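Hi everyone, thanks for making the time. Please have the structure up on your screens while I talk.

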Amino acid sequence: MSDTPFGFGLPPEEPDDGDEGKKKDQESGGGQGPANPFGFGGLPGAGGFGSGPGGPGGPGADNPFAAMFGSLNPTDLGAAFQQLGQMLSYEGGPVNWDMAKQIARQTVSQGSPDGTKDASVGPADRKSVEEAVRLADLWLDDATSLPSGAASAVAWSRAEWVEATLPAWKELVDPVAERVGTAMGDVLPEEMQAMAGPLIGMMRSMGGAMFGTQIGQAVGVLAGEVVGSSDIGLPLGPAGKAALLPVNIETFGKDLSVPQEEVRLYLALREAAHQRLFAHVPWLRSHLFGAVDGYARGIKVDTAKLEDVVGQFDPQNPEQLQEALQQGMFQPEDTPEQKAALARLETALALVEGWVDAVVHAAAKPRLASADALRETLRRRRASGGPAEQTFATLIGLELRPRRLRDASRLWASLTDARGVDGRDALWHHPDMLPTATDLDDPDGFVHREQIDFSELDKMLGEAADKPDLKKKDEGGAEDESKGDDAG
């Protein structure tokens with residue numbers, strides 16, 4: 001589990017120039033100290049928070065509003081108050097997604113830590129991506145029985161990735177945020193809730209803003225690192241669109257000593273394989289997202305700790321709420337249902353990624369000299385807790401177990417050897433046919449075990465329901481019952 005499951009209280013990155021950098025950072029209003037308790041320093045119009053004479057340690061330090069706004073010129077001050085008003089007046093769902101989108105786009109515009117900047121995708125890159133996905137789909141035809149799932153291939157900038165994936169992030173994060181928001185409102189007794197209505201409304205608005213801020217920052221950072229729409233094993237983009245990010249692919253392959261064309265093609269294979277799986281296994285998406293929702297329902301709140309925070313809440317010292325969130329107030333319940341939801345999600349994600357790994361390797365190995373090197377690079381990226389896993393853990397409190405990905409890949413490869421491509425892919429017909437976490441520990445046992453063919457069972461039931469004699473018998477039985485009732 002993540003120590004900071006909802007992205008609250010994440011420490012700022014260490015400046016490159018050590019203590020001197022920290023001093024400069026504080027002077028410029030960086031960090032998340034009392035002058036900027038919720039990390040809103042990146043908001044438009046908020047660039048000067050905590051700086052100048054009203055900054056930390058200055059003459060206005062005893063006055064939080066002077067510390068926040070004292071050094072702003074009238075234009076910036078107006079923008080800052082407008083942003084604050086938007087934050088406190090928010091009455092939408094558990095996450096302020098408008099704020100999340102705004103911050104994600106701003107984070108993208110600032111560039112990634114490696115110094116690369118976002119840029120519009122040109123015609124040459126678009127053509128290269130389209131050709132790579134088209135060739136990848138041809139190669140995959142020999143490695144899987146699932147037909148192509150990509151109706152189109154698109155090349156996205158980082159900003160376009162943010163726009164296209166926010167609906168999926170909303171579906172993933174809202175259940176968790178809803179649970180937390182409800183707990184924040186339910187902590188007071190009913191008789192006090194009516195009296196404290198404005199305070200509860202303000203807390204929920206600020207909670208939505210805090211979620212929006214942290215999610216926006218995380219998604220914005222992730223946009224600078226992902227190479228496609230399926231890096232975390234979930235369908236984040238629109239259905240049927242195989243998407244790659246040329247600027248991030250170039251950065252990814254820069255130090256690999258592999259031709260850029262091969263890097264792009266290998267990543268296109270992975271994207272196209274994900275598209276096939278989610279397009280032709282109709283229950284898979286709802287299965288994964290449903291597991292996230294089931295996990296969110298099992299989250300509990302340390303109500304004693306929250307009651308203390310609410311009881312001592314000081315509007316002039318709002319960082320108390322931030323500090324409480326950092327102290328592990330939200331934890332999953334240690335119940336069989338919660339453990340089952342977590343295991344179901346982790347296993348399903350491992351099976352998705354393991355299948356993609358096995359299928360892509362089978363398609364790439366005979367054709368790309370760098371197939372082994374690229375495969376190992378991507379595996380290590382996942383095993384070391386890469387950006388996708390870290391962001392996923394930050395947003396919904398879950399960490400993938402990379403060890404399971406290798407286990408799943410070995411199991412799918414063994415199934416291919418034992419049952420062939422068709423027999424392996426037939427397991428996706430029904431969720432009950434898939435391997436479990438226990439099967440990942442004993443792949444040989446699963447490979448050689450007899451499997452129930454649910455497709456044949458469904459066919460038999462359908463044929464039985466359509467037989468005329470059965471329908472006639474049912475109708476006759478109904479008539480007999482009717483006669484018997486009349487006779488009575």
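**Charged pairs and a tryptophan cluster**

Let me begin with two charged residues, Asp-407 and Arg-404, which are both buried. One thing to keep in mind throughout is that this is a predicted model. These two side chains meet in a salt bridge, with 2.7 Å from N to O. Asp-407 and Arg-404 sit 3 residues apart in helix H17, about one turn of the helix. They also have company: salt bridges with shared partners join Arg-404, Asp-407, Arg-410 and Asp-441 into one network.

How many salt bridges does a search of the whole structure find? The search finds 19. Let me show you two more of them.

In one, the side chains of Arg-276 and Asp-137 meet at 3.1 Å, N to O. Arg-276 belongs to helix H10, residues 260-280, and Asp-137 to helix H5, residues 123-140, so this pair ties together parts that are 139 residues apart in sequence. Are these partners buried or exposed? Arg-276 is buried, at 1% relative accessible area, and Asp-137 counts as buried too, at 11%.

In the other, Asp-231 and Arg-381 form a salt bridge at 3.9 Å, N to O. Here again the pair links distant parts of the chain, 150 residues apart: Asp-231 is in the loop between helix H8 (197-223) and strand E2 (241-244), while Arg-381 is in helix H15 (residues 371-383). Asp-231 is buried, with a relative accessible area of 16%, whereas Arg-381 counts as partly exposed because its relative accessibility is 22%.

Now please turn to the aromatic residues. The search of the whole structure gives 3 aromatic pairs. Why do we call Trp-412 and Trp-428 stacked? Their ring centres are 5.3 Å apart and their planes are at 15°, which is under the 30 degrees that counts as stacked. Trp-412 is in helix H17 (residues 402-425) and Trp-428 in the loop between H17 and helix H18 (437-441), 16 residues apart. Both rings are well worth finding on your screens. Trp-412 is buried at 0% relative accessibility, and Trp-428 is buried at 3%. Together with Trp-283 and Trp-355, they form one aromatic cluster.

What does Trp-412 touch, beyond residues up to four places away in sequence? Its contacts include Leu-351, Gly-354, Trp-355 and Ala-358, as well as Trp-428, Leu-434 and Pro-435.

That brings us to the nonpolar core. The largest one has 92 residues, and those with the most contacts inside it include Trp-161, Trp-169, Trp-355, Trp-412 and Trp-428. Helix H14, residues 336-364, supplies the largest share of this core, 13 residues. Apart from it lies another core, of 5 residues, among them Val-176, Tyr-295, Ile-299 and Ala-341.

While we are at helix H14, look for Val-360, which has its place there. Val-360 is buried, with 0% relative accessible area. Leaving aside neighbours within four places in sequence, Val-360 contacts Tyr-266, Leu-269, Arg-270 and Ala-273. Its C-alpha atom is 9.3 Å from that of Leu-267, a residue 93 positions apart along the chain.

Last stop: charges over rings. Arg-285 lies over the face of Phe-289, 4.2 Å from the ring centre. Likewise, the charged end of Arg-419 sits over the ring of Phe-446, at 6.0 Å from its centre.

Thanks for listening, and I am happy to go back to any of these sites with you.

Note on methods. Residues are numbered from 1 along each chain as its sequence is written. This is a predicted model: local features need pLDDT of at least 70, side-chain atom pairs count only at pLDDT 80 or more; totals for chains, interfaces and linings use all residues. Side-chain values use heavy atoms; hydrogens and water are left out. Rings of Phe, Tyr and Trp (its six-membered ring) pair if their centres lie within 6.5 Å; planes under 30 degrees apart count as stacked, over 60 as edge-to-face and the rest as tilted. Helices (H or I, at least four residues) and strands (E, at least two) are DSSP runs, numbered from the N terminus. Buried means under 20% relative accessible area, exposed over 50%, partly exposed in between (1.4 Å probe, protein chains only). A charge sits over a ring if NZ of Lys or CZ of Arg is within 6 Å of the ring centre and within 35 degrees of the ring normal. A nonpolar core is a set of buried Ala, Val, Leu, Ile, Met, Phe, Trp, Tyr and Cys residues joined through side-chain atoms within 4.5 Å. Contact means heavy atoms within 4.5 Å. A salt bridge is a side-chain nitrogen of Lys or Arg within 4 Å of a carboxyl oxygen of Asp or Glu.
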